[in-house]
Structure formats: structure tokens, C-alpha cells
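Please work through the exercises below with the sequence and the model at hand. Each task is followed by a solution in steps.

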Amino acid sequence: MSPGQLEMRSGESADLVLRRVTVLDPVAGIDAPHDVVIRKGSIAELAPPGSADVPDLEEIDAAGLHAFPAFFDPHVHLRTPGQEHKEDIETGSRSAAAGGYCGVLAMANTDPPVSTPADVEALREDARTAASVRVGFLATVTAGMRGEELTEMASLRDAGAVGFSDDGLPVRSALVLRRALQYQRLCGGTIALHEEDPELSGSGVMHEGAVSATLGLDGIPSVSESTMIARDAALAGYEGGNIHVQHLSAVESVEAVSRAKAAGVQISCEASPHHLCLTDEEVRSLDPHRFKMNPPLRSEADRQALIEGLRDGTIDCVATDHAPHAPEEKEVPFEQAAMGVTGLETAFAALHTELVLPGVLDLGLVVERMSAGAAPFEVERSSLAPGSEANIALCDLSAEWTVGENGYESRSSNSWCGGRKLTGQVVMTLAGGQVAFRLRSFSLGVAA
Amino acid sequence: MKHLLSIEQLSKAEIEAILDRAESFSEVGRRDIKKVPTLRGRTIVTLFYESSTRTSSSFELAAKRLSADLVSVKAAGSSVDKGESLKDTVATLSAYEPAAIVIRHPHAGAAQLVAQWVDAAVVNAGDGKHEHPSQALLDVYTLRRQLDSLEGKKIWIVGDVLHSRVARSNLIAFRAMGAELTVCGPPALIPRGLEELGCEVEYSLDRLGEADVVYALRLQRERMKESFIPSIREYAAHFQIDSRRLGRRQLLMHPGPVNRGVELSGEVIDSPQSLIAEQVASGLVVRMAILYELLAASDDESAPAAGDDTKRPTAIGQPA
């Protein structure tokens, strides 16, 4: 059984030195200024600041900047095949690189969905020439995402599928999910679950609560998510399977995951920056570009529970659920608009601005959770320890910028942060040992 | 006031100003020539994506009585049927340089979106289950004529609150005028969290006797198919306003159209306590007042003290 494989385009390996950069890698236990010497795409040495004697390397004056292990997003929508007017592998991975990511996992709810080995092979082929960061592909759990028959999970794994997900839709039938969990023993591959009871969600377009009552919009109750998490955690526990719960949004969901973890279920989960930073109060603006997504923005109590879950480790990682949409799908009344917002380019800056600077979460914790999304899918996580492949997010934590003022790397502009002023900016990203992104205005000071 | 998108945007004083204006227009309706030249030469577009009798006809007649040129567009039979987006339809109609666009749409926030796209004043004539501000204004107007003031009056809103934009706008408007609100209906038809709009929630009519005004809402017969209620009969048994439940001193209102024998019994509709016909009559003058406030009242403020006749407001009641 071959493990799932991530792909990116081949290119020139980075040979450079990040001079006097503050290195912060909580997992490797590094938090100090260093000269980071990168040769042939690997971290050759962490030298005392100013001491590395490497005249043959490109010098980057990084004094005052931070180097983090580059981020990993286990939940993005690259929209290919079929919806390239929203995004594709090239634009989506460029967007990831601009956000400090070295790897992403693309969801399978494309048009048609990624359900056959040939689909996965074609996408990997495409990523080998188009992707600026490592891209892995999930395949659907059920054929065509119809929720009825399983896909050929073992063949899909052989073709390189990293895991399985019907994201966008729940696996409605408990029996079908049970069969998938049984089959997982044969082929491996984490099953990522979009947890939602379609009947309870009904025609809902936002969180059910005082704001939906005021706006006259159909609500999606929190229990639509948490009841399905409880069901699927019970199934995973019974079958000894391995599941990853996507985009937690509600306090009841955090509790359900916490109970499952305590009971020994192999379950991991993620939360998105927009759910960690915003509440349903934003929907009063009726702006679908920034505030319509599924699961919906919920109450302040829910947001606080997500923050607490991220802090105590109930929530394993941050995932953006980057969901690009074309303008005409959003320039309509709220109820008719497509669900989803983009988030790759702003994830770190938003969490830094909204949670780190006000003192809610430690910088180190946010950095750790931003790259922790690799682990549930058995992908090696980025590290700044010497000898590691160069996967680095170089950030200026004091830079202030307005989201969208210089456009987006993504093909779509439905960013939940559009127009926001953020503090903290990714100025350079190294992914897979290559320079994947440089901020255009980031001058490369040559140290004397 | 540039647009009328929600009742929430209006203060008590602004609501009263519109209603005072409506009082002055009620005199026009008693004349032989029921018309004033206020909006002569200006264009008003009504754009209705949902069926409507009262709202569309009263806005249209209001525009005509103010001497505006009127373009009425109904979605059925228009280019909307051919898949034209709201944005493109509005752009097309904007080519006529309308002074105002009156829009009804099945989805919340449609009027607000249109307001972002056009220079015209936009009037929300109902957006999804969100708001229906002109209905709320005409209901306050109707009640004010009966009760002088709504301050401290107890108003019960009874029925399918969940699907009612009228309930939402009226809750806000009645509350702004000082009334005490109770909503009552089957639990599945009362939205969760509604209390935060500042009202009491009751699931039975037992205390209906406390109400000064009973405002019944339309119950769509399809609701039982979605299991909001078990049956129309069960609904009527518990929530129908009939002569047994309606006290002699209580006033009865309904936004129409009524499902006779469902939310209201026939005899209360035709009783002297019923203000349903007055509500319709109020609709015309209140909608004249809304159009006046949006299109002519701002000229009052910007107009020079004397001289420039083109900018001077036309005195109310001056026949054309």
C-alpha cells in the first residue's frame, strides 16, 4: 500500500541565508535569533545571529522578522476540475504560498467530484507542473458524492489519494460511513468529515439564534453539527477507524470531540480563522461575500469555545476551508449566494491581529496549530530544526496592511477579511525547499 | 432619509414625521381631483419579484397621485424569466434614471443590495422574511388614528411569526412607539431567539384578554407539510382569533390576505373591531408620504429661502 503523496512543481532549490531572523518553532523548541542558512533547499545550519560566513548565498536581511515552520492547511478548495473560473491549482497554491503555507490538501467536491484513480492521477500530474506549494488530494468517500456506494478506496490510495472526504456534504447514511471505516482498515487514509444533519440544517443560511430571528433568515442550529459528530465518533470508536472532523463551529461540537477523545476514539479536528475571529453579528450586514459560509458564523459563546478548544488541544489545528467563488455567485441576496470564503492569504495575519496581539492566544500556540494540520493525514510536518527541508514562513509581525488593497493571488476575491486592516504579514515563503513567494514590496537588503 | 430599507433605520421622531405627512395627504383623497404635482417629471419604478395586490397597487397609486411617471415591472413575464440577474435588471431599469425604485423580492437584503448599485432612492416593499417597513408604518398610522398613542399599549402578534416579514417590522415599529409586545403561536413557528427583539413569547392564547390590539398573521396552508404544525384544524383550534377569544374592546388587525376560517373566523373579520379595511386605506397615504419624504422632503431643506421656484416644494394640497 503506497502512502498518499503530495506534489509540487520542480524548480530551483533555495540557497540563501536569513540573517538575524527570530526563529520560532515550538515543536523543535527553538525561540531565538539566528542566521538560518539554507543550502540546496534544506536548513543547513542555525548559526548565532550575524555569524554565518556564507558569501556564496543570497543574503536576506531578516532582522526584526520572524521565521516560523511554514503552515499546512488540510482543508482547501482548489476547484479543479470543473470550476476553474473560481480557482485552480496554480492560483490556489500561489494563494497558499502568499499566506505562508508549504502544503495544502485539496477537497474532492469538484465538478465532477474526485472519485476515481484516474481523477487523482490527473490532478497529481497537474500539480507537478502548476503548484507552488505541496498539494495533496483527497478523494470522495462515496462515488460521485452521492452518499450511496463507496469509492474504490484502495485503488484511490494506490493512485495517491491522501485521504477521503465528501466535504461540502455530510456522509448522510450511518451505514455507508460504517462501511467506509471498515474498509479503511484495508487501505488507510484518514476520513475527513463535514458534519451536518441535512434535515436539521434544512434551508438554513446562517446560525440559528437572535440574529437569524431578527433578519428573518432560516437558521442552521448548532445541533445539526454536534449530533452528527457524536454519531460519527461513536462509529469510529466502534470500528477502530480514524476520522478528522472538519471546520468545527459550535460549543456543542467542541464538547462532542472532547468526549470522543477522552473515550479514546482516533479523532482529530480543525477550526477555521473566520470561526475563531467572527460571530453571527457580522451577518447583520447581509454581506454574503465575507460572511456567508457553511458551517455558519456562530455566537460569541461558540467562538470562545473554539478558542479554548484550540488552546487546550481539543482542536488540533487551524484550517481555512478556503472556498473561492466568482463575483456573480456572491452579488446576489444573502440567501441565494454561494457558501464559502477565501482565507489562505490572511489566515496567519488574521489570527495574529485578532487573537495574538490582544493577548488571547500565544504566538507560539498559533504557529504550532497553523502547521499541525499535516499530522492527522500522516504528512510530515514542517520543522526549522537543522537538516529539515526548508519550509519556512518569514513574517513581519509589525507590518500593517489592508486586505485586498493590492488584489489577491487567488482567482477569487470573496475574502472574509476583505477591507480589514491586519497587523502581521508574510513576506516570504519557502515550500518544499523552494522560494514559493516573495512579497513584491519586500526589499532584499544585502547585509554588509 | 435616502432610502427606506428597514424600519430599524427609523427613530420614533422619523416615524412620526412620515405619519404626520400621511395625515396631510389624507385630505387629498377627499378632493375631486385626487392629485398633487409634487413629483411631476420624475420617474418611479416598481419592481415586484413576488405577487402582491395591496402593496403594489398602493405604491403605484401613490406615485400617480404625486404625479410621478410610473414604470411597473413584474418578474413574471419579464426578462427575469430569462435568467437575468437582479443586478442586471436593476442596471437596465436605471437607464431610465428613476428617482425611486420600489422593490419586493423573495430574499432578505435585496433592497439593500439594490441601494448599493443605484443612485435612485430605494424603497423596500418586502424582502424575504426580513422586513416590510411600509406595512409597519401604515399599521402604526392606522393604530395611531384609533388610539392616539401606542405608548404602553399591549399588542399581541399571533400566528406564523417565523415566516413573517410583517411580524418583524411591526415588532420593531410598535416597540419604537412605546407599545408592549407579545408574540404568540405554535413553538415551531416562533423563531428561536426572538425575545431579544424585546417581546414576550407565549404559546397559548390564554392571556389574550390582556391585549389592547390583536394582530393576526397569515398562516400559509403549506406549513403543515413541513411539519411546523400537525394540521390546519389543530392550528385553528389553538390559535384562531374568533368572537369567543376576541374581547369587545380589543382591536383586530391583519396584513392581508386573510385565510378566512384559519387564522381569523369570518365574524371577527367583519366585526366593527376589525381595522383590516382601514389598514388598506392607510396604505395609500402612508406610501405617498414615504415617496414624498424620500424624493421631495430633502428639497425642503436644501431649497433657498426664496426665489428659485424650481427648487421650492409644492404646497401640499395644491391641485395640479
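**Exercise 1.** Determine which residue of β14(A) stands opposite A:H244, and place β14(A) in its sheet.

*Solution.* Step 1. A:H244 stands opposite A:S268 in β14(A). Helices (H or I, at least four residues) and strands (E, at least two) are DSSP runs, numbered from the N terminus. This is a predicted model, in which local features need pLDDT of at least 70 and side-chain atom pairs count only at pLDDT 80 or more, while totals for chains, interfaces and linings use all residues. Residues are numbered from 1 along each chain as its sequence is written, and chains are lettered from A and ligands numbered from 1 in the order in which they are written.

Step 2. Strand β13 (residues 242-245) of chain A is joined to β14(A) by four bridges, and the two run parallel. Two strands pair if DSSP finds at least two bridges between them.

Step 3. On β15(A), strand β14 (residues 266-271) of chain A has a parallel partner, joined to it by two bridges. Here A:E270 stands opposite A:C317.

Step 4. The open sheet has eight strands, paired in parallel, in the order β6-β7-β8-β9-β10-β13-β14-β15 (chain A). Because β6 (71-76) and β15 (317-318) of chain A stand at the edges, each with a single partner strand, one side of each has no neighbour in the sheet.

**Exercise 2.** State how many residues of β14(A) are buried, and explain why helix α12 of chain A is described as largely enclosed.

*Solution.* Step 1. A residue is buried if 20 or more other C-beta atoms lie within 10 Å of its own, exposed if 12 or fewer, and partly exposed in between, with C-beta atoms placed from the backbone. In β14(A), five of the six residues are buried, and the strand is mostly covered.

Step 2. Helix α12 (residues 347-356) of chain A has nine of its ten residues buried, so the rest of the structure largely encloses it. Among the buried residues are A:F348, A:L351, A:H352 and A:E354.

**Exercise 3.** Describe how α9(B) packs against α5(B) and against α2(B).

*Solution.* Step 1. Two packed helices are described by the angle between their axes and the distance between the axes. Axes are lines fitted to C-alpha atoms, for helices over the stretch in contact, and angles run from 0 to 180 degrees between N-to-C directions.

Step 2. Helix α5 (residues 133-147) of chain B packs on helix α9 (residues 276-295) of chain B at an angle of about 115°, with axes 8 Å apart. Residues in this contact (C-beta atoms, placed from the backbone, within 7 Å) include B:L137 and B:Y141 of α5(B) and B:V286 and B:I290 of α9(B).

Step 3. The axes of helix α2 (residues 54-65) of chain B and α9(B) come within 8 Å and cross at roughly 50°. The two helices are therefore oblique to each other; angles under 35 degrees count as roughly parallel, over 145 as roughly antiparallel, 65 to 115 as roughly perpendicular and the rest as oblique. Among the residues that meet are B:F59 and B:A62 in α2(B) and B:L284 and B:M288 in α9(B).

**Exercise 4.** Classify B:I232 as buried, partly exposed or exposed, and list what it touches.

*Solution.* Step 1. B:I232 lies in helix α7 (residues 232-239) of chain B. Because B:I232 has 17 C-beta neighbours inside 10 Å, it counts as partly exposed.

Step 2. Leaving aside residues up to four places away in sequence, B:I232 touches B:R221, B:M224 and B:V262.

Terms used:
Two residues are in contact if their C-beta atoms, placed from the backbone, lie within 7 Å.
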